[in-house]
Amino acid sequence: LVHEKLYQSATLSSISLADYVSDLCLHLGTSSATEARGIHLSHHVAAITVSMETAVPLGLLINELVVNSLKHAFPAERPGHIRVSIAQDAPGRCVLEVSDDGVGQSSGPIGVKSLGTKLISALAGQINGQVQTLSPQEGSGCTTRVTFVLSGGGGERVGG
């Protein structure tokens with residue numbers, strides 16, 4: 001998907017994050033049969049252009065977070081909503097949020113990190129990101145927030 005977006009790009013060095021995330025969500029929804037499961041997958045992404053070095057780990061991170069929601073937040077054919085958003089919160093800094101209105105995050109054994117959690121941390125590290133998981137209370141969904149820095153190199157910019 002990143003390569004496809006680069007080929008469609010005027011510069012071949014950066015891609016529109018809004019277009020990329022839109023296509024990624026479409027593919028994730030289709031492959032996971034979200035419509036048939038009663039799960040709505042939406043996205044809202046600011047007009048940000050990123051390099052391939054940012055787009056690849058960011059796309060993998062979004063994929064992991066959305067798949068986690070699809071897998072764990074909606075058991076027993078429970079319908080729901082997953083939202084992916086990316087916005088700039090300061091110059092050169094963005095916030096990715098993947099949230100769902102599912103069953104919430106269960107608290108596993110203290111100090112034990114799942115493979116998915118390790119993968120999320122590693123991918124966030126590749127974009128100089130900090131991960132924060134917000135789960136208001138059991139049964140109220142879950143939000144994972146990743147604050148990351150646009151590297152500045154490779155043509156990353158905010159705007160059209």
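Arg93 and Asp89 join their side chains in a salt bridge, with N and O 2.8 Å apart. The model is predicted. Both partners sit partly in the open. Arg93 is partly exposed, at a relative accessible area of 35%. Asp89 is partly exposed too, at 41%.

A further pair is Arg145 and Glu97. Their closest N and O atoms lie 2.6 Å apart, and they form a salt bridge. Arg145 belongs to strand E7 (residues 142–149) and Glu97 to strand E5 (residues 93–100), so this bridge ties together parts that are 48 residues apart in sequence. Arg145 is partly exposed, with a relative accessible area of 25%. Glu97 is partly exposed as well, at 22%. Buried would need under 20%. The count of salt bridges comes to two. Side chains of opposite charge can pair when their charged atoms come close.

Now turn to the interior. In soluble globular proteins, nonpolar side chains tend to be buried together. Here the largest nonpolar core has 34 residues. Leu61, Ile86 and Leu96 touch the most other members. Several elements give two or more residues to this core. Among them are helix H2 (17–31), helix H4 (52–72), strand E4 (80–90) and helix H5 (115–126). Strands E5 and E7 are also on that list. H4 gives the most, with seven residues.

Which residues does Ile86 contact, leaving aside its neighbours within four places in sequence? Leu17 and Val21 are among them. So are His44, Val45, Ala46 and Ile48. Leu58 and Ile62 are in contact with Ile86 too. Cys94, Val95, Leu96 and Phe148 complete the list.

Helix H2 deserves its own look. H2 has 15 residues and spans 21 Å from its first C-alpha to its last, close to the 21 Å expected at 1.5 Å a residue. Its buried residues are Leu17, Tyr20, Val21, Asp23, Leu24, Cys25, Leu28 and Gly29. Two of these names, Leu17 and Val21, also appear among the contacts of Ile86. After H2 comes Ala33, with a positive phi near 50°.

Step back to the whole chain. It holds five helices and eight strands. From the N terminus, the order is α-β-α-α-β-β-α-β-β-α-β-β-β. Of the 160 residues, 40% are buried. Among contacts between residues at least 6 apart in sequence, 68% join residues at least 24 apart. The chain exposes about 8600 Å², and carbon and sulfur atoms supply 53% of that area.

Definitions and conventions. Residues are numbered from 1 along each chain as its sequence is written. This is a predicted model: local features need pLDDT of at least 70, side-chain atom pairs count only at pLDDT 80 or more; totals for chains, interfaces and linings use all residues. Side-chain values use heavy atoms; hydrogens and water are left out. A salt bridge is a side-chain nitrogen of Lys or Arg within 4 Å of a carboxyl oxygen of Asp or Glu. Buried means under 20% relative accessible area, exposed over 50%, partly exposed in between (1.4 Å probe, protein chains only). Helices (H or I, at least four residues) and strands (E, at least two) are DSSP runs, numbered from the N terminus. A nonpolar core is a set of buried Ala, Val, Leu, Ile, Met, Phe, Trp, Tyr and Cys residues joined through side-chain atoms within 4.5 Å. Contact means heavy atoms within 4.5 Å. The expected span of a helix is 1.5 Å times one less than its number of residues. Accessible areas come from the Shrake-Rupley method with a 1.4 Å probe; for residues, only the protein chains shown count as cover.
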